[in-house]
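Here are my notes after a pass through the model, as numbered points. Have the viewer open while you read.

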Amino acid sequence: MGENTSNGTSCKHHMIGGDGPNSYAHNSQYQKQLLISAEDLIPQLIDRYLNTQNVCFNPQNTFTIADFGCSIGPNTFFAIKNIISAVENKYQKSNGNQNLDFQVFFNDLIDNDFNTLFRNLPSKRKYLVAGVPGSFYTRLFPKKSILFAHCSTALHWLSRSPKEFTKSGKNEGRIHYLGGEKEVKEAYAAQYEEDFGVFLRARGDELTDGGLMALVVLGFDDGVDSSESSIGIAFEILGSCLEDMAKLGKITKEKVDSFNLPFYYPSPSELKAIIEANGSFHVEKIAELGAPMRHKPDPQVVTSHLRAVIGVLVEQHFGNGVVDELFKCHFEKFVKSPILVDEKYWKETNYFVFLKKN
């Protein structure tokens, strides 16, 4: 979602592609569970807020949908099917039996495995398809050309890891802001505010007046100590494994110290403040979703999921021959983690955000 940064951590990455055992397609149950949690909200809110009398939503026009950060499926197909079903039901109630044409744009970074995505498209889909490679932190479509935008479990990825603290050594020994110095957390928060603001401005240009946008955002409640969370502990374990490998001479300490995961997990108050400052959208609903990590995690599932998500990023930074050993170490340490027995670490809270273009 950006170019290589000066701190050595590349954010221009993609999930592990293909259909193999380490692929994102086979290790994205967490994301699927969040879509299932939001499944009933989509039709309720489309029914309430989609104005079929708006000239932009004339049933004679093609209904355009964009899924930002689609990855390689199958979760994106689940989300699109739910959106289209809700839109069809709304038009049937408002305009009788209208046969709508749907155009779906699947967006992700240029290195995303679009071949696997298109190969796995549902055979009985009700929509035309186009792939749109590029960062969603830029404008990707003509002005006022999209009627419905969707983005699920992708907006915690920053365009880059904050570089402000790298030379100071304030985050030395850590690969993320969780549990780190206050200044590090603030740098991540500032980067998120900038990136989410850019995302909203781009979508504000692309969506038609009255257009709708649904977001599923990973985060934490206001006031929660996110360092003592399952995500925080999982990242701490990963960092300790990298430190172990550096001590054995398999990677350099400098490489470890310059590796900072480009993730930020906002609170609902942060989300609201950034959306309101943008001014292009009205917040119709922010709802807390069921959090898959708010129960005893399966160590193998967690490690496999983490590998599918950041394995490419790790390889880009450290080179070949690191990923297998790193995640083997992560699994061995994770099974001994207090996360498995103490509910105090199960703090992740995920949010469904539904916006309407002003």
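1. Is Tyr-49 buried or exposed? Tyr-49 is buried, its relative accessible area being 14%, and the cut-off that matters here is 20%, since buried means anything under that. Keep in mind throughout that this is a predicted model.

2. On to the aromatic pairs. The count comes to 24 aromatic pairs. One of them brings Tyr-49 together with Phe-354: the ring centres are 6.2 Å apart and the planes are at 35°, so this pair goes down as tilted. Tyr-49 belongs to helix α2 (residues 41-49) and Phe-354 to strand β7 (residues 349-357), so the pair ties together parts that are 305 residues apart in sequence. As for the partner, Phe-354 has 0% relative accessibility and counts as buried.

3. Next, the ring cluster, which is worth selecting as a group. Ring pairs link Phe-68, Phe-105, Phe-136, Tyr-137, Phe-141, Tyr-177, Tyr-188, Tyr-192, Phe-196, Phe-199 and Tyr-264 into a cluster. Now bring up Arg-203 as well. This arginine lies over the face of Phe-68, 4.2 Å from the ring centre. The charged end of Arg-203 also sits over the ring of Phe-199, at 4.8 Å from the centre of that ring. Both Phe-68 and Phe-199 are members of the cluster.

4. Some helix packing now. Two packed helices are described by the angle between their axes and the distance between the axes. For helix α6 (residues 230-247) and helix α10 (residues 323-334), those values are about 125° and 9 Å. The two are therefore oblique to each other, and their crossing is right-handed. On the α6 side the contact involves Ala-234, Ile-237, Leu-238, Ser-240, Cys-241, Leu-242, Asp-244 and Met-245. Facing them in α10 are Glu-325, Leu-326, Phe-327, Cys-329, His-330, Lys-333 and Phe-334.

5. Helix α3 comes up twice, so take its two partners in turn. With α2, the packing angle is about 35° and the axes are 9 Å apart; this crossing is right-handed too. The α2 residues in the contact are Ile-42, Pro-43, Ile-46 and Asp-47, and they meet Asn-82, Ile-83, Ala-86, Val-87, Lys-90 and Lys-93 of α3. With helix α1 (residues 29-37), the angle is about 10° and the axes are 10 Å apart. That makes α1 roughly parallel to α3. Here Gln-31, Lys-32, Leu-35 and Ile-36 of α1 touch Asn-75, Phe-78 and Ala-79 of α3.

6. A few backbone points to look at. Most residues other than glycine have a negative phi, and most peptide bonds are trans. Which residues does a cis peptide bond join? Gly-73 and Pro-74 are the two, with omega about 5°. Pro-74 falls in the loop between β1 (63-68) and α3 (75-95). Then there are positive phi values in residues that are not glycine. Lys-144 has a phi near 55°; this lysine is in the loop between β3 (128-133) and β4, and at 48% relative accessibility it counts as partly exposed. Thr-153 has a phi of about 50°. Thr-153 sits in the loop between β4 and α5, and it is buried, with a relative accessible area of 10%.

7. In that β4 to α5 loop, have a look at Ala-154 too. The strand covers 146-152 and the helix 182-206. Ala-154 counts as buried at 4% relative accessibility. Its C-alpha atom is 9.8 Å from that of Asp-108, a residue 46 places away along the chain.

8. Last, Glu-270, which is in helix α8 (residues 268-278). With a relative accessible area of 22%, Glu-270 is partly exposed. What is Glu-270 in contact with, leaving aside its neighbours within four places in sequence? Its contacts are Lys-185, Ala-189, Tyr-264 and Tyr-265. Of these, Tyr-264 also appears in the ring cluster of point 3. Separately, the C-alpha atoms of Glu-270 and Glu-193 are 8.2 Å apart, with their positions 77 residues apart along the chain.

Note on methods. Residues numbered from 1 in each chain as written. Predicted model: local features only at pLDDT ≥ 70, side-chain atom pairs only at ≥ 80, totals over all residues. Heavy atoms only, no water. Phe/Tyr/Trp six-rings, centres within 6.5 Å; stacked < 30°, edge-to-face > 60°. Helix = DSSP H or I, 4+ residues; strand = E, 2+ residues; numbered from the N terminus. Buried < 20%, exposed > 50% of the residue type's maximum accessible area, 1.4 Å probe, protein only. Lys NZ or Arg CZ within 6 Å of the ring centre and 35° of its normal. Axes fitted to C-alpha atoms, helices over the stretch in contact; angles between N-to-C directions. Parallel < 35°, antiparallel > 145°, perpendicular 65-115°, else oblique. Left-handed = near helix turned anticlockwise from the far one by under 90°. Contact = heavy atoms within 4.5 Å.
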